[in-house]
Amino acid sequence: MKKTLSKIWHWVRWPLAVLVVGFVVLVAWRLKLLYEQDDTNAAVAAIHANKLTEEDVFGPLPVEPDKVANDATLAGIDTNNNGIRDDVERALYFKYKDSAKEAAPAFQYAKALQMEFTSVYNSPTLVAVLQEESRASLCLLDTKKDEEIDKLVFDTDLRKQARDDLYNKYMTSYSLPNQDGCDLDPASLSN
Amino acid sequence: MKILGAIALTSFFFLPNIVWAACIANGATVVYVNGIFTTNQQAGSDLKNLNTQYVRITGDGKTNFINGYNPSHVAGLGDLIQSAAQMMGKSISNFDRDTILLQIHPQVTTRKLLLVGHSQGAFYSNALYDYLLAHGEPKAAVGVYQVGSPASSVAGGGKYLNSSGDAMLGTLRGLGFKFLPDNIDLVSAPDDAQKTYPGHSFSGAYLAEAPERVVDDIQGTLKSLKADAASDTGECFTATDAGLDYQAAKAGFAVADTAANGIKTGAGAVQVAAVAAGNVLASAVQGAYGIAGKLVTDIGITVGGAASITHAAEPKSQPTNFDLLKKLYGSSLTKEEYKELLGTLGSAVATAPIVASVPQTTLAQADSAVPLLPSSGGARHHNEGAIQDTEQSPADAPTVPDTSGTGDTTISDPVATTTSAQEEATSTSEAPGLHLAPAVSPVVDSFDSYDGSGWATYGGSNNFGSSPGVIKYFATTSGECRSSGCLSGSEQIGNGGWGNPIRMYKTGAAVSEGSLVIWKKFHYGLQGVGNVWLMVCAGAPDAPDAKCEGTGDISRDGGQDAWTRYFLAWRNNGSVKEFCHMRDDTDQSHCSWQPSSLTAEQAPDTVVISGDAVRPDQGDRLWFDDLGTP
């Protein structure tokens, strides 16, 4: 009996070892995916939590950035760290400075676009940013303004190319929000 | 205990794959399917704009909008073959349809479902409809709506929107394809007018110019749907099988697409490929299959170890396009079909290469050249004085030319690039015993002393505002004409700043077989010209039983400020009447004769001239001169 068992063990030990190693690898791989998923979930939550504030609309305006320095990076210069590139913030301010009701949605859309440079590293984060862009678009309710702000944010060949590359790498199917567009209630803005 | 542990462990592995299904009665889902050569970014933008316009106009916040992305393959080559097949009522593969189905399956949770297809996406919307009805969706719950559609029908009897100003559709019609007729007249906005095919973009043309119509059609279709057999637990339809065959194709496309996209020449390649698509379709419809055998071996695009896709005229071109695409699209594609569908792709690629061996800047390369974020945040300035010092007016705001469109790319003229195909096609399509069309026209007019007599107008009220029937074009001797007087779009007629169109015709003698020429010139002031056609009709063009054939849209043929001559000929071939049209060429041995809707018994007796100088007040101009015989 013992001899038989020994013989069986002789034959099965290596396949069994392979199975055990495979199982361990699978568990490690699965754990890695779960950790990554946790990170992604946190990043997606951060994107959706990145709302426009009154400070973004009414706070001090940054100075015009040096163009060379601003274009030296994809994200450009955002000295007041409000998620809107300084040159874009200034352009929108001077276009809508007479109406906060008009300026706020424009800032919100620009802020969402800027996240394509700062927050996208996989498909879920791209979708989250696209959903925020769409929400801001619902607040603007003027697709021509969308286009104008698109041109302000994606104003160099490298930025346009980077945008295309991001979409090409991470595009997937997704659904869009269709209500609660504005981060700041227009009724709460004085003019 | 061990069993419970095993179950828990198994769940641990599969938990993320468990999806709680539902197919509820409330709400509805709109799936947008993009067209050929639409970039990922543009498809996303189209969906966002559709969603925004829908909510803006309807106030409906309960309808979900999702994208069923129709990807481009092998730098456009795969799409060329597929679209050529679809235009001819075939499909070489269900891979893209299945990809869309797999994408949307987990996101479709409402019983009411509307498929919105744009351009080539119209074919997929029909295919998706058929699949859905065969796999669980009730007929009453699914609708289809098409925009810029080259399809011959809308599945389920749905609505569609095709513009007379859609240059892509105009080109396809000019090639002889028959599909859904135009049902709206839209004029391209300035940005869109600069594109290779103005008037065809979903966002830039249809949604920009007729948002209410698009949204009304969608809303109306949604209202007509019924949420039969809704369920809070079941899925809306059975997903397609993503089995080994699908996965193998997916892996193949991943390699080929990456290789192709990695070397194609930037944004311009998309537009160039769009032109090539037109050429391929031209070749297919012309039946120029005889030369395919030579060209298929000459042309092409090949994957060399997934490292390069190059013009296959080079010696290293192995395997052939066919071998590559056969592997990618599966066994349903035969070499004969491939030859038939592609026809003269060789000339298309030769004259307008889809890809070239110029490296494209990748994101990784961009990253190395331009860091994503600044290395330092820079000084913070909250100084209003500094703001004043550097104040920038909106007009000075940083802007760059929009190169995401098609305006700045140098591409081959679609008409010009088909010439070689047409020439070679002649030798294969010419039946023995056919003859040349005589130089006889129903109407001739030098326009030297034009006073409108004998000419009539037609068209919608938008064309002529409150003065229907009044011909606004007049003869001029301003020196802008080719000879003496000519028709000139120099008179501003209003319509809110838009207008000065011609929709004019004159009836003369019936000519069973004949030919004519006319000269055309245009000038870009602000938006250029559109809807430029030359036709002959059996009967007045606005008569219900009129039969017309002509050049298709020739708005942007030739360079601006140069006179271009158009030749139109017709002859009988058996029971049908064939037509030929060419630019700056009246040699009928160069003709690629196309069958028409006219029978041999129907004799054209009317010449129709159509064209819009969009903003004559801003310098857009259009001239015609010397309508006569070759």
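**Exercise 1. Describe the order of elements in chain A and its overall burial.**

Step 1. Starting at the N terminus, the elements of chain A follow the pattern α-α-α-α-α-α-α-α-β. The model is a predicted one.

Step 2. This amounts to eight helices and one strand in chain A.

Step 3. Chain A has 191 residues, of which 51% count as buried. Its accessible surface is about 9300 Å², and carbon and sulfur atoms account for 61% of that.

**Exercise 2. Place the strand of chain A in its sheet and find the edges.**

Step 1. The sheet is open and has six strands, ordered S1(A)-S2(B)-S1(B)-S3(B)-S4(B)-S5(B), with mixed pairing.

Step 2. Strand S1 (175-176) of chain A and strand S5 (160-161) of chain B each have a single partner strand, so one side of each lacks a neighbour in the sheet.

Step 3. Within the sheet, strand S3 (residues 113-118) and strand S4 (residues 142-147) of chain B are parallel and share six bridges. Leu113(B) is opposite Val142(B) in S4(B).

**Exercise 3. Which parts of chain A does the salt bridge between Arg90(A) and Glu64(A) tie together?**

Step 1. The two side chains meet at 2.8 Å, N to O.

Step 2. Arg90(A) belongs to helix H4 (residues 86-96), while Glu64(A) sits in the loop between helix H2 (54-58) and helix H3 (67-71), so the bridge links parts of chain A 26 residues apart in sequence.

Step 3. Arg90(A) has 0% relative accessibility and counts as buried, because the cut-off is under 20%. Glu64(A), at 24%, is partly exposed.

**Exercise 4. Repeat the analysis for Arg159(A) and Asp71(A).**

Step 1. The closest N and O atoms of this salt bridge are 2.9 Å apart.

Step 2. Arg159(A) is in helix H8 (residues 157-170) and Asp71(A) in helix H3 of chain A, so the parts tied together are 88 residues apart in sequence.

Step 3. Arg159(A) is buried at 1% relative accessibility, and Asp71(A) is partly exposed at 23%.

**Exercise 5. Explain the placement of the salt bridge between Asp217(B) and Arg213(B).**

Step 1. The N to O distance is 3.3 Å.

Step 2. Both residues lie in helix H9 (residues 211-224) of chain B, four residues apart, about one turn of the helix. An α-helix has 3.6 residues a turn, so residues three or four places apart point the same way.

Step 3. Asp217(B) is buried at 8% relative accessibility, whereas Arg213(B) is partly exposed at 31%.

Key
Residues numbered from 1 in each chain as written. Chains lettered and ligands numbered in written order. Predicted model: local features only at pLDDT ≥ 70, side-chain atom pairs only at ≥ 80, totals over all residues. Heavy atoms only, no water. Pairing = 2+ DSSP bridges. Helix = DSSP H or I, 4+ residues; strand = E, 2+ residues; numbered from the N terminus. Buried < 20%, exposed > 50% of the residue type's maximum accessible area, 1.4 Å probe, protein only. Areas by Shrake-Rupley, 256 points an atom, 1.4 Å probe, with all protein chains shown as cover. Salt bridge = Lys/Arg side-chain N within 4 Å of Asp/Glu carboxyl O.
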